[in-house]
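Me: I would like to go through the labels attached to this model one at a time, setting each value against its cut-off. Please begin with the terms for solvent exposure.

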Amino acid sequence: MSQLKYEQAKKRVRELKIFYGHFIFYILVNIMLFIINIMTSPGSLWFIYPLFGWGLGILAHVTYTFIFSRWGSEWEERKIKELLSKDR
């Protein structure tokens with residue numbers, strides 16, 4: 001395996017690890033907020049505001065981690081090969 005492929009795989013693993021940590025933290029904090037909300041003021045469901053607000057951040061992180069990140073590295077490799085073939 002080339003050093004470049006190894007570095008790309010290492011970067012990908014790091015991105016996934018960060019995403020999964022962020023997602024687990026999101027779930028745990030929002031469960032805690034739900035419990036606090038139900039115990040203190042069940043008539044007003046305020047926990048949905050941070051749930052949806054932070055959820056937008058999670059959605060952005062999903063988009064970057066699973067769509068743009070992979071597209072970016074593949075595009076870079078194709079572009080490098082294209083430019084190298086033009087130089088020949």
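Reply: Buried means under 20% relative accessible area and exposed means over 50%, with partly exposed in between. Please keep in mind that this is a predicted model.

Me: Why is Tyr64 called partly exposed?

Reply: Tyr64, which sits in helix α2, has a relative accessibility of 41%; because partly exposed covers the range between 20% and 50%, Tyr64 counts as partly exposed.

Me: What makes the nonpolar surface patch, and which helix gives the most to it?

Reply: The patch, of about 980 Å², is made by nine residues in two helices' reach, among them Tyr64, Phe66 and Trp71. Helices α1 and α2 each supply at least two residues, and α2 gives the most, with six.

Me: How do you know that Lys11 and Glu15 form a salt bridge?

Reply: Their side chains meet at 3.7 Å, N to O, and because the cut-off is a Lys or Arg nitrogen within 4 Å of a carboxyl oxygen of Asp or Glu, the pair qualifies as a salt bridge. Both residues lie in helix α1, four residues apart, about one turn of the helix.

Me: Why is Glu15 called buried, and what is the label for Lys11?

Reply: Glu15 has a relative accessible area of 10%, and because buried means under 20%, Glu15 is buried. Lys11, at 44%, counts as partly exposed.

Me: What joins Lys11, Arg12 and Glu15 into one network?

Reply: Arg12 also forms a salt bridge with Glu15, the closest N and O atoms being 3.6 Å apart, and salt bridges that share partners join Lys11, Arg12 and Glu15 into one network.

Methods:
Residues numbered from 1 in each chain as written. Predicted model: local features only at pLDDT ≥ 70, side-chain atom pairs only at ≥ 80, totals over all residues. Heavy atoms only, no water. Buried < 20%, exposed > 50% of the residue type's maximum accessible area, 1.4 Å probe, protein only. Patch = residues over 30% accessible without salt bridge, like charges linked within 9 Å, V, L, I, M, F, W, Y side chains within 5 Å. Areas by Shrake-Rupley, 256 points an atom, 1.4 Å probe, with all protein chains shown as cover.
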